[in-house]
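Student: Could we go through this one together, slowly? I'd like to start with what packs around one residue.

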Amino acid sequence: MSDATASFIPLGAIIQSLYVAGTNIVLGFPSQKAYESHNACFFGETIGRVANRVKGAKIDSLNGGQSYTLAANNGPNNLHGGVVGWGKKVWDGPKPVGIREIPAFEGKSDKIDGGESVQFTLVSEDGDEGFPGKVEARVIYTVSKEKGEDGKEKVLLGIEYEAELLDGEVEETVINMTNHSYFNLTGGPSIEGTIVTLATNQYLPVDQGGIPTGGPVPFPNPAVKAGNVPFTLGAAEPDIDDCFIVNEDPSSVPIDTRSLPLKKNLSAFHPESKIHLEVYSTEPAFQFYTGKYIDIPAVDGVPARKPRSGFCLEPSRWVNACNVPEWKGQMLLKKGEKYGCKILYRAWKE
C-alpha cells in the first residue's frame with residue numbers, strides 16, 4: 001500500500017504488517033523466504049480450503065455420498081487445509097483493484113470513504129490436500145483511515161473472501177476461509193496486560209484433538225464469565241484456544257455471508273501502548289487463541305517469538321461443520337454458487 005499502513009506478500013496472501021501509530025500490531029517476518037522456512041504458526045496466512053480442524057482428516061459425505069481422505073497434519077485430523085494449505089501456497093497478486101468502500105459495521109451505520117485495494121487469486125486443483133473440486137479463491141484487502149468524533153485517526157483493514165467451483169465433474173466441495181494474524185498491541189515480547197472483550201461466551205466444547213463434541217454451551221473458564229465483559233491476559237492464563245459462537249442457529253448461515261452485517265467479535269486494548277483493536281466479521285463463529293504454542297527462533301534480525309507473544313481472532317464457520325449434518329450447509333459450496341465473507345480490523349492509539 002502506498003502509505004505503508006499495511007503490507008502483504010504473495011505467499012499465503014499473507015498480512016505481513018499493520019501499523020498503528022508506528023507500531024506493527026501483527027507478528028511476521030521481514031522476507032517471504034523467512035515465512036517459507038519458519039512460519040509453522042501460520043503468521044498472517046490466508047487459511048483454506050477449510051480453516052481449523054476436520055475430524056479424522058476425512059470428509060464423510062459429499063457428491064452423492066462419496067467420502068474424501070484429507071492430509072492428516074494435526075494428529076489424526078486435518079488442520080488449516082493440510083500440509084500445504086492455502087496459507088503455504090503462492091497466490092497471484094497483489095493486483096490493484098481500485099478504490100473500495102469500507103462497509104458499515106456494528107456501531108457505525110455509514111460506509112467509510114474508500115481506500116486503496118489489492119486482490120490476490122489462487123486456483124486450487126481438484127484433489128488439493130485431498131479436497132474435491134477445482135476452486136478459484138480470491139481475497140481483497142482494503143486499507144483506509146477513519147477520523148473519529150474523538151479526533152483520533154483509526155486504521156481500517158477490510159478483508160473480503162470469495163471462492164467458487166470451476167468446471168469439472170465435482171458438483172460440491174467445502175470451504176471455510178479466514179486470516180490467521182497474531183496480534184500484539186505493544187510490539188513487545190508478550191500479550192500480558194492486554195484487556196480483551198469477546199462478543200460472546202458461547203463456545204463449542206471439544207475433545208482432546210480439538211473436535212467439537214456438541215453444540216454451543218457457556219465457556220467454562222471463569223475468566224470469560226459472559227460475553228462483552230472485559231478480562232485481562234496474564235503471563236500464562238487464561239489459556240484459550242476455542243471456537244466461540246456468534247450465530248447459534250447453524251441452519252441459518254448461508255454459504256456467502258457477505259450480505260450480513262459486520263458484527264463485533266473482539267475488542268482489545270493495552271494500557272501501556274494505548275492501542276485499541278476491534279475485529280468485526282460477517283461470520284457465525286470465531287476462534288480465539290492466546291498463542292500457547294508459538295515457538296519461533298530469532299530470524300532476519302527479528303527477536304524470537306515465544307508462547308503468548310501474540311493472540312489470534314479467526315472469524316470462521318463452526319469447526320468440523322462439514323461432517324455434522326445439522327451444521328454442514330454453512331461450508332457446502334455447490335457449483336454455480338459463491339462462498340464469501342467479510343472481516344474488518346479497526347485499530348487506533350489514544
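Student: Leaving aside neighbours within four places in sequence, which residues is F288 in contact with?

Tutor: Not counting those neighbours, F288 is in contact, meaning heavy atoms within 4.5 Å, with V196, L198, F231, I240, D241, D242, F244, L266, F311, C312 and L313. This is a predicted model, in which local features need pLDDT of at least 70 and side-chain atom pairs count only at pLDDT 80 or more, while totals for chains, interfaces and linings use all residues. Residues are numbered from 1 along each chain as its sequence is written, and side-chain values use heavy atoms, with hydrogens and water left out.

Student: OK, new topic: how many aromatic pairs are there?

Tutor: The structure holds 17 of them, where rings of Phe, Tyr and Trp (its six-membered ring) pair if their centres lie within 6.5 Å, and planes under 30 degrees apart count as stacked, over 60 as edge-to-face and the rest as tilted. The rings of F8 and Y141 have centres 4.2 Å apart and planes at 5°, so this pair is stacked.

Student: And are F8 and Y141 buried or exposed?

Tutor: Both F8 and Y141 are buried, where buried means under 20% relative accessible area, exposed over 50% and partly exposed in between, with a 1.4 Å probe and protein chains only.

Student: Why does the pair of F244 and F286 count as stacked?

Tutor: Their planes are at 20°, with the ring centres 5.7 Å apart, so F244 and F286 are stacked. F244 counts as buried because its relative accessibility is 0%.
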